[in-house]
Amino acid sequence: MAAVDSFQLLSREVARSCSSYFETLALIGALYTTAKAVILLRDCCSLIRVHFLPRVIPRKKLTQRFGKWAVICGGSATISIAYAEELAKHGISIIFISQDHSFIGDFVTSLSQSYGVESDVIFADFTLGQAASKPIIDALRGKDIGFLVNCVDESLAFSQNLIEMSEQRLLDLVNKNVVAATLMTRLVLPGMLERSKGAVINISSGASCQPWPGRVVLTASTGYLDNFSRALHLEYGCKGIFVQSLIPFQVASSGQPPSAKGGWLVPKPEVYARHAISTLGISHRTTGYWPHTLQYGLMRCIPDWIWELCSYMLIRSS
């Protein structure tokens with residue numbers, strides 16, 4: 001009995017001596033919980049402001065806010081095609097910069113017939129360097145270019161190790177995704193600055209959030225487009241140019257069978273484009289689609305060491 005009393009007395013003394021530490025830890029825990037609650041509330045408000053309010057609040061027409069013509073670079077990509085069609089629905093004429101004559105030519109014709117807008121296609125090979133810019137400059141002369149949309153090449157999404165690529169394939173990918181977007185922005189920006197309005201939209205991929213095994217070039221190219229957009233915003237945002245970095249996750253391909261298409265996490269291209277265009281003028285860096293924003297938030301919560309560990313396990317199992 002005396003031993004029990006001694007233990008109770010000892011525990012009371014220990015609790016009394018540590019009470020100040022317990023109070024400090026409780027205060028730290030309360031502050032941490034409050035900070036996380038504030039961040040969660042902020043993210044929820046941002047989600048509503050970017051993805052929901054613009055779709056219910058009337059705004060000025062896109063042609064009045066930015067211009068009457070849009071230049072789409074990377075015209076063979078599924079998302080860029082859907083984005084162009086959505087712009088055409090708003091009465092915006094379209095110029096495609098593409099290397100795929102067989103596909104894009106038919107689409108340009110159907111675009112003009114369906115929406116009554118002007119449309120044109122320019123075939124440019126960016127592996128030629130400065131020589132590729134001459135036909136583009138001639139086509140853009142005298143036009144009110146309000147939009148430039150640079151879209152990453154879809155072929156980057158296929159898994160392929162760096163050393164498995166040929167040198168020519170690697171150079172083509174860099175030219176089509178890094179050089180083309182940078183050069184097109186350089187060509188279009190002077191006219192936008194002269195009118196003090198315009199929008200530059202760089203569509204990359206959620207792969208820019210974390211490195212992906214087997215997709216080194218995709219991660220690097222999308223990371224470049226994302227950081228290029230953020231730097232452009234700092235440099236030209238105060239001069240009337242709206243620069244947006246779109247970071248979509250998986251979007252259904254038009255070549256997939258009907259049973260494999262769609263879903264709220266994997267939207268059809270036209271659904272994604274409709275959501276993404278509603279964020280123009282609202283957010284400079286967004287996924288463009290609210291379920292993808294939730295995905296991005298979850299990926300951001302994964303510590304780097306866990307992501308790297310899972311990547312190593314994936315590489316070893318393949």
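Two residues are in contact here when heavy atoms of theirs lie within 4.5 Å. Keep that in mind for the neighbour lists below. What you have open is a predicted model.

**The whole chain**

Start with everything shown as a cartoon. The chain has 11 helices and seven strands. Of its 318 residues, 40% count as buried. Now turn on contacts with a separation of 6 or more: 74% of them are between residues 24 or more positions apart. If you put a surface on, its accessible area is about 17,600 Å², with 62% of that belonging to carbon and sulfur atoms.

**Stop 1: Asn202 and its surroundings**

Select asparagine 202, which sits in strand β5 (residues 198-203). Its relative accessible area is 0%, so this residue is buried. Which side chain does asparagine 202 meet in a polar contact? Pick serine 229: the two side chains are joined at 2.8 Å. Setting aside residues up to four places away in sequence, asparagine 202 touches Asn150, Leu225, Phe228, Ser229, Gln244, Ser245 and Leu246.

**Stop 2: Gln244**

From that list, go to glutamine 244, in strand β6. Glutamine 244 also has 0% relative accessibility and therefore counts as buried. Its side chain has a polar contact of 3.0 Å with the side chain of threonine 279. Show the neighbours beyond four places in sequence and you'll find Asn202 and Ser229 again, along with others including Tyr83, Ile201, Leu280 and His284. Tyr83 and Leu280 lead on to the next two stops.

**Stop 3: helix α4**

Select residues 78-89, which make up helix α4. End to end, C-alpha to C-alpha, its 12 residues reach 17 Å, close to the 16 Å expected at 1.5 Å a residue. Is α4 enclosed or open? Of its 12 residues, 10 are buried, so the rest of the structure largely encloses this helix. Colour by burial and the buried set will include Ile79, Tyr83, Glu86 and Leu87. Just past the end of α4, click glycine 91, where phi is positive at about 85°.

**Stop 4: the nonpolar cores**

Next, bring up the largest nonpolar core, with 34 residues. The residues with the most contacts inside this core are Tyr83, Leu87, Ile94, Phe96, Phe147, Ile201 and Leu280. Elements giving two or more residues to this core include β1 (69-73), β2 (93-98), α5 (101-115), β4 (145-151) and α9 (269-278). Which element gives the largest share? That is α4, with six residues.

Zoom in on leucine 280. Leaving out neighbours within four places in sequence, leucine 280 is in contact with Arg59, Leu62, Arg65, Phe66, Tyr83, Phe147, Ala199, Ile201, Phe242 and Gln244. Apart from this core there is another, of 25 residues; try selecting Ile136, Ala180, Met184 and Ile241, which are among them.

**Stop 5: cysteines**

Don't bother drawing S–S bonds: a search of the whole structure finds zero disulfides. For cysteine 73, the nearest cysteine sulfur is that of cysteine 151, 9.3 Å away. How do cysteine 73 and cysteine 238 sit relative to the surface, buried or exposed? Cysteine 73 is buried at 6% relative accessible area, whereas cysteine 238 is exposed at 66%.

**Stop 6: Ser196**

Select serine 196, in the loop between α7 (167-195) and β5. Check its backbone: phi is positive, about 60°, although this residue is not a glycine. That deserves a click, because most residues other than glycine have a negative phi. As for exposure, a relative accessible area of 45% makes serine 196 partly exposed.

**Stop 7: α10 and Ile302**

Finish with α10 (290-301). The 12 residues of α10 should span 16 Å at 1.5 Å a residue, and the end C-alpha atoms, 17 Å apart, agree with that. Its buried residues are Pro291, His292, Gly297 and Met299.

Then step to isoleucine 302, in the loop that runs between α10 and α11 (304-317). With 30% relative accessibility, isoleucine 302 counts as partly exposed. Leaving aside neighbours within four places in sequence, isoleucine 302 is in contact with Gln210 and Trp307. Draw a C-alpha to C-alpha distance from isoleucine 302 to glutamine 210 and you should get 9.8 Å, for a pair 92 residues apart in sequence.

Note on methods. Residues are numbered from 1 along each chain as its sequence is written. This is a predicted model: local features need pLDDT of at least 70, side-chain atom pairs count only at pLDDT 80 or more; totals for chains, interfaces and linings use all residues. Side-chain values use heavy atoms; hydrogens and water are left out. Helices (H or I, at least four residues) and strands (E, at least two) are DSSP runs, numbered from the N terminus. Buried means under 20% relative accessible area, exposed over 50%, partly exposed in between (1.4 Å probe, protein chains only). Accessible areas come from the Shrake-Rupley method with a 1.4 Å probe; for residues, only the protein chains shown count as cover. A polar contact is a pair of N or O atoms within 3.5 Å; within protein, one must be able to donate a hydrogen and the other to accept it, and residues adjacent in sequence count only if both atoms are side-chain atoms. The expected span of a helix is 1.5 Å times one less than its number of residues. A nonpolar core is a set of buried Ala, Val, Leu, Ile, Met, Phe, Trp, Tyr and Cys residues joined through side-chain atoms within 4.5 Å. A disulfide is a pair of cysteine sulfur atoms within 2.5 Å.
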